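Work through the exercises below with the structure in view. Try each task before you read its solution.

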Amino acid sequence: MTKNYKLTDVCPTCARKLEEEIKKIDGVLDAKISVISEKLVIDCDGEDLQRILKEVKKACKKVEPDCVLYAD
Amino acid sequence: MNKKQKRLLYRIIVSAVFFAAAMIFRFEKEIELILFLVSYLAVGGSILLKAAKNIYYGQVFNENLLMAIASVGAFIIGEYPEGAAVMLFYQVGELFEKIALDRSRKSIKALMNIRPDYANIEKDGQIIEVSPEEVKVGDTILVKAGEKVPLDGIVEKGASTLDTSSLTGESVPKDALEGDAVLSGCINISRPLYIKVTRPFEESTVAKILELVEKSEEKKARAENFITRFAKYYTPAVVSAALLLAVVPPLVANGDWNDWVYRALAFLVTSCPCALVISIPLSFFGGIGGASRNGILIKGGNFIEALSKADIVVFDKTGTLTKGVFKVSGIYAQNIESADLLEIAALAECYSNHPISQSLKAAYGKPVDTTRVANAEETAGFGVLAEVDGKTVLAGNEKLMRKYGIAFRQPQNVGTAVHVARDGVYLGYIVIADEVKPDSAETIRALKANGIRKTVMLTGDVKEAGDYYANLLGMDEVYSGLLPAGKVEQVEKLLEEKEKNKTLVFVGDGMNDTPVLTRADVGIAMGGLGTDAAIEAADVVLMDDQPKKVLSAIQLSRKTMRIVKENILFALGVKLLVLLLAGVGVADMWEAVFADVGVSIIAILNALRALKISKR
């Protein structure tokens, strides 16, 4: 399943790093960030969404502390 | 400006005040240091904090950390003004960049503002507003004057005019009468319309356009991939160079530590490629957004790149360069008035559903009095035999005339001839031909003038017809009598002929030409969002069926690519120059930070020009 999120304050370089980090999360199949439309699309096996979201947020904090993530 | 940006602006003002005070007035060294430190911390505190977090998470090549090192380093070697200035200008640049980026996001959003917010439906005798997603196929919606049509459908009741400019870029209003199909995204100008919904919202024109544009970001152009790859190596390379610069000359050549460290710090200031990186996708997105506003949907940056290198443009004939609607183009009467000949033919053919008889009836223009016709008999491949006003009339092709032994005139025109005879006497013939679109010839001319090497026409029609239209339109080549498979074959031959690093563009109306659309470097489907297969296969979809939009698509692709190249060359050039000058000690940290911030802002502003293509 795919989940859409909005995210703010990511520069293109951080976006690429963040994509890599999110792809490493267990259960995430693919992640794409559009800097222009400020969107994050995650493709995941919908088992443990709560945990995945938590880890995605953690990855955001790690790569770009300013980045805010919220549901689209 | 949003809240975050405003807060940054206040911090910049505070910082600038302290900075100016320290620069303008003469103070004791200690007081000066305090003033610079206050100025520095006002703008740089948050960066230092983020840098600390970056270290904690092991993110070394992060711009926050690099800026922190550059500025702290400057303070350590005693260059207080530089230390504060670097951070101050860096933050000014960040603020400008964010504002410019927000602006462009907003312009793109405004451009794509075709999503309807609500639909009016009648429930229990009352009109209520519901979200377009909730409306089902077969429901009737009310669109009042001034409202956006929320879903695709057919006019059930009412008559009005529609503004289709947000879909097609055309400003001429279109009539919407009972029975007409209406596309979502249009704006109803004059009177209320009751529309019977034919497609759910997810499949509506608006939803499809938005999806296409949104997905276009995924298909990246080569230029964009190049920059992303470049960015990956640029920062580590610059940082390593800075490290070497700071350490090697003092150790090896006995250089002055302070001097070389200073040069290295100037290096760090220019180490972030972010603005350059974002200006490229921004240019492409701007180009795609601008194009979509013009009724040209481009499925990705890679197709903008390919379109800009068009060398051969191949057109399908029927429905693309011609209207695909058959009309009476000439009446050649013998022993009778032209109008009477047309009347007899229309009457004789009145029971036929063949496209030719439809054209005859359309040209006749009056309701056909079927009581004057009796014993009509149609033979497929020949024509009609009927009694009109009690006289035997033959209307059909040459074979029909031969069958009944009637001498006929050989037509000299292109098109289908309908010969007519009454009671064994030949009365002449009527020619029915496809009409060329008004802007076809002009488009072909303009394509040639714009550096397209070859224009080609493919058609399933016979050679005479193909040659006639190709000549009329000024095509370079024409291939006639082709079946869909033959068209693919021909395009493959042409693909081998094109110049290296150039592209072949195929333009069709989406009927039966999906294989060719796929095979060409760029497949352009005309006539909007009619056939789903064509939209899937095409790389570019034109909302209306004007050939001149092909020219617009090529021109705006070229403009977008020019902007992209300008940005790459300019930004890289300035960065390398600054690195060079800083390395040899000519440019100081001031100049480095100015160059870096300045280039970013200019590149983003330049990218915004791609958006303005549509406002011609």
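**Exercise 1.** Which side chains meet in a salt bridge, Lys50(B) and which partner?

*Solution.* Start with the partner: the side chain of Lys50(B) meets that of Glu64(A). Next, read the distance: 3.6 Å, N to O. Now apply the cut-off: a salt bridge needs the nitrogen within 4 Å of a carboxyl oxygen. Keep in mind that this is a predicted model. Finally, count: between chain A and chain B there is one salt bridge.

**Exercise 2.** Describe the side of chain A that touches chain B.

*Solution.* Begin with the elements. In chain A, strand E1 (2–8), helix H1 (12–24), strand E2 (28–34) and helix H2 (49–63) each supply at least two residues to this side. The largest share comes from H1(A), with five residues. Then take the contacts: 23 residues of chain A are in contact with 25 residues of chain B. Add the area: the two chains bury about 2000 Å² between them. Of this, 53% is on carbon and sulfur atoms. Last, find the residues of chain A that lose the most area to chain B: Arg16(A), Ile36(A) and Lys62(A). Together they make up 31% of what that side buries.

**Exercise 3.** Is Leu251(B) buried or exposed? Which surface patch does Leu251(B) help to form?

*Solution.* First, locate Leu251(B): it lies in helix H7 of chain B. Its relative accessible area is 59%. Exposed means over 50%. Therefore Leu251(B) is exposed. Now the patch: Leu251(B) joins Leu244(B), Val247(B), Val248(B), Val252(B) and Trp257(B) in a nonpolar patch. Together they have about 590 Å² of accessible area. Helix H7 (residues 222–252) gives the most to this patch, five residues.

How values were computed. Residues are numbered from 1 along each chain as its sequence is written. Chains are lettered from A and ligands numbered from 1 in the order in which they are written. This is a predicted model: local features need pLDDT of at least 70, side-chain atom pairs count only at pLDDT 80 or more; totals for chains, interfaces and linings use all residues. Side-chain values use heavy atoms; hydrogens and water are left out. Patches are made of residues with over 30% relative accessible area and no salt bridge: like charges are joined within 9 Å, nonpolar side chains (Val, Leu, Ile, Met, Phe, Trp, Tyr) within 5 Å. Accessible areas come from the Shrake-Rupley method with a 1.4 Å probe; for residues, only the protein chains shown count as cover. Helices (H or I, at least four residues) and strands (E, at least two) are DSSP runs, numbered from the N terminus. Buried means under 20% relative accessible area, exposed over 50%, partly exposed in between (1.4 Å probe, protein chains only). Contact means heavy atoms within 4.5 Å. Buried area is the accessible area (1.4 Å probe) that two parts lose on being put together, summed over both.
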